[in-house]
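Dear colleague,

I am handing over a structure that you have not worked with before, and I would be glad if you could look through it with the notes below at hand. They begin with a question and then go from the whole chain to single residues.

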Amino acid sequence: MSEKNCTLTEDQKLAAEEQIRTLRKEIDYNTRDYTIDFLIQQFRNDEFYIPDEYQRQYVWNDSDKNRFMESILLGLPIPFMFFSDTDDGRCEIIDGAQRTRAMEEFMSGDMILTDLKKLTSLNGFAYNDIPPYFRKKFDKTNMRIIVLSDETSLEIRQEIFNRLNTTGRPAKASEIRRGSFRGPFMDFLMECSEDSVFKEVCPISKTMKKRYEQLELIIRFFAFLDHYQEFTHRVDSFLDEYVEQTMKDFNREAMRTEFDRMLNFVKKFFPYGFAKSPTAKSTPRVRFEAISVGVALALREVPDLIPTSMEWLASDEFKVHTTTHASNSPARVSGRILHVKEKLLEGAV
């Protein structure tokens with residue numbers, strides 16, 4: 001243990017006091033209570049939104065989501081969420097994005113309760129199957145929100161997010177998968193992730209690169225390309241099974257050819273590649289899945305395809321397919337892939 005520092009000057013102590021006082025003034029907040037039905041309606045209306053600058057993708061698995069829904073139905077206390085008022089009158093979700101997306105998914109009917117530990121009689125129930133009285137109790141459950149003032153800087157909002165979400169760093173599925181399935185197939189996938197065109201059209205943040213997000217996207221492309229119709233439950237399990245089965249026998253040349261053809265098509269016809277804007281620093285997984293697999297499927301039918309229009313990329317329909325709570329239900333996965341394929345083939349000769 002270090003000895004007590006007795007050499008601090010009075011000026012240093014005064015400077016420290018002033019710094020604490022100044023930074024504390026930057027954090028102004030109040031506490032609000034929003035019912036779940038109001039919160040989700042505002043989220044659907046984009047009045048409560050999840051910022052792309054620093055937020056995580058929708059990473060909760062089925063166990064996380066089901067445990068959270070069960071907690072609400074049981075009436076258990078729910079931890080505070082953190083929002084921030086913004087200049088345009090909306091609220092930015094700083095902490096609570098996973099919970100908000102899960103509630104929206106459940107209330108949209110895209111989630112079936114499974115593996116509940118206490119409310120076992122509700123296993124197999126969707127939102128509309130919940131007895132009306134308790135469904136209303138769910139809707140009217142208050143969520144306690146700490147709302148930062150709109151004068152809170154982006155730097156402070158990011159700092160709050162980071163401090164709330166860095167209590168531990170469990171290994172991501174892509175990191176585990178890379179270590180568990182070593183061999184020629186994993187080497188091939190890593191080779192694809194280093195492709196120059198892939199890097200150009202698929203922006204990934206430095207942090208996510210360190211956690212092998214590029215490998216995650218490549219595996220999703222190949223797995224869903226030939227097996228999206230077989231997907232039924234958890235993405236992680238689906239991808240693990242795909243890698244385990246494919247590593248025993250795969251056609252490197254054929255897979256690489258199709259991968260390159262897809263990338264070159266995206267580079268040529270998609271204005272921002274897989275990204276949502278020219279300045280985007282990350283690529284949403286569901287957007288990548290929809291575009292990459294949809295493009296590859298369309299090219300299988302029309303190898304020399306030239307799309308008649310790409311205006312659909314800005315449509316509300318495409319936005320719903322690739323942003324609305326990013327559900328990984330079988331219907332959503334197939335829906336977003338086939339939407340891209342069909343739009344590309346419209347008018348094709």
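Are Phe-224 and Phe-231 buried or exposed? Before the answer, please keep in mind that this is a predicted model, and that what follows was computed from it.

To answer the question, Phe-224 is buried, and Phe-231 is buried as well. Their rings have centres 5.7 Å apart and planes at 80°, and because planes over 60 degrees apart count as edge-to-face, the pair falls into that class.

As for the chain as a whole, the protein has 349 residues, of which 45% count as buried, and its secondary structure consists of 16 helices and five strands. The accessible surface comes to about 19,400 Å², with 49% of it belonging to carbon and sulfur atoms. If one takes the contacts with a separation of 6 or more, 76% of them are made by residues 24 or more positions apart.

The aromatic residues deserve a further paragraph, since the structure holds 26 aromatic pairs. One of them joins Phe-106 and Tyr-127, whose ring centres are 5.6 Å apart and whose planes stand at 85°, so this pair is edge-to-face. The pair links distant parts of the chain, given that Phe-106 belongs to helix 4 (residues 97-107) while Tyr-127 sits in the loop between helix 4 and helix 5, 21 residues apart. Phe-106 has a relative accessibility of 0% and therefore counts as buried, and Tyr-127, with a relative accessible area of 10%, is buried too. There is also an aromatic cluster, whose members include Phe-185, Phe-198, Tyr-242, Phe-259 and Phe-288.

Tyr-127 appears again in the surroundings of Arg-135, a residue of helix 5 (residues 132-139). When neighbours within four places in sequence are left aside, Arg-135 is in contact with Tyr-127, Asn-128 and Ile-130. The C-alpha atom of Arg-135 is also separated by 8.4 Å from that of Leu-73, although these two residues are 62 apart along the chain.

Towards the end of the numbering given here, helix 15 (residues 316-323) and helix 16 (residues 330-345) have axes that come within 9 Å and cross at roughly 145°, and the crossing is left-handed. On the side of helix 15 the contact is made by Glu-317, Phe-318, Val-320 and His-321, which meet Arg-332, Gly-335, Arg-336, His-339, Val-340 and Lys-343 of helix 16. By character, the residues of this contact divide into three nonpolar, three polar and four charged.

Finally, two aspartates may be worth a look for their backbone angles. Asp-46, which is not a glycine, nevertheless has a positive phi of about 65°, and its place is in the loop between helix 2 (36-44) and strand 2 (48-49). Asp-115 likewise has a positive phi, near 55°, in a residue other than glycine, and is found in the loop between helix 4 and helix 5. As to their surroundings, Asp-46 counts as partly exposed because its relative accessibility is 36%, whereas Asp-115, with a relative accessible area of 54%, is exposed.

With best regards

Methods:
Residues are numbered from 1 along each chain as its sequence is written. This is a predicted model: local features need pLDDT of at least 70, side-chain atom pairs count only at pLDDT 80 or more; totals for chains, interfaces and linings use all residues. Side-chain values use heavy atoms; hydrogens and water are left out. Helices (H or I, at least four residues) and strands (E, at least two) are DSSP runs, numbered from the N terminus. Buried means under 20% relative accessible area, exposed over 50%, partly exposed in between (1.4 Å probe, protein chains only). Contact means heavy atoms within 4.5 Å. Accessible areas come from the Shrake-Rupley method with a 1.4 Å probe; for residues, only the protein chains shown count as cover. Axes are lines fitted to C-alpha atoms, for helices over the stretch in contact, and angles run from 0 to 180 degrees between N-to-C directions. A crossing is left-handed if the near helix is turned anticlockwise from the far one by less than a right angle, and right-handed if clockwise. Ala, Val, Leu, Ile, Met, Phe, Trp, Tyr, Cys and Pro count as nonpolar, Asp, Glu, Lys and Arg as charged, and the others, Gly among them, as polar. Rings of Phe, Tyr and Trp (its six-membered ring) pair if their centres lie within 6.5 Å; planes under 30 degrees apart count as stacked, over 60 as edge-to-face and the rest as tilted.
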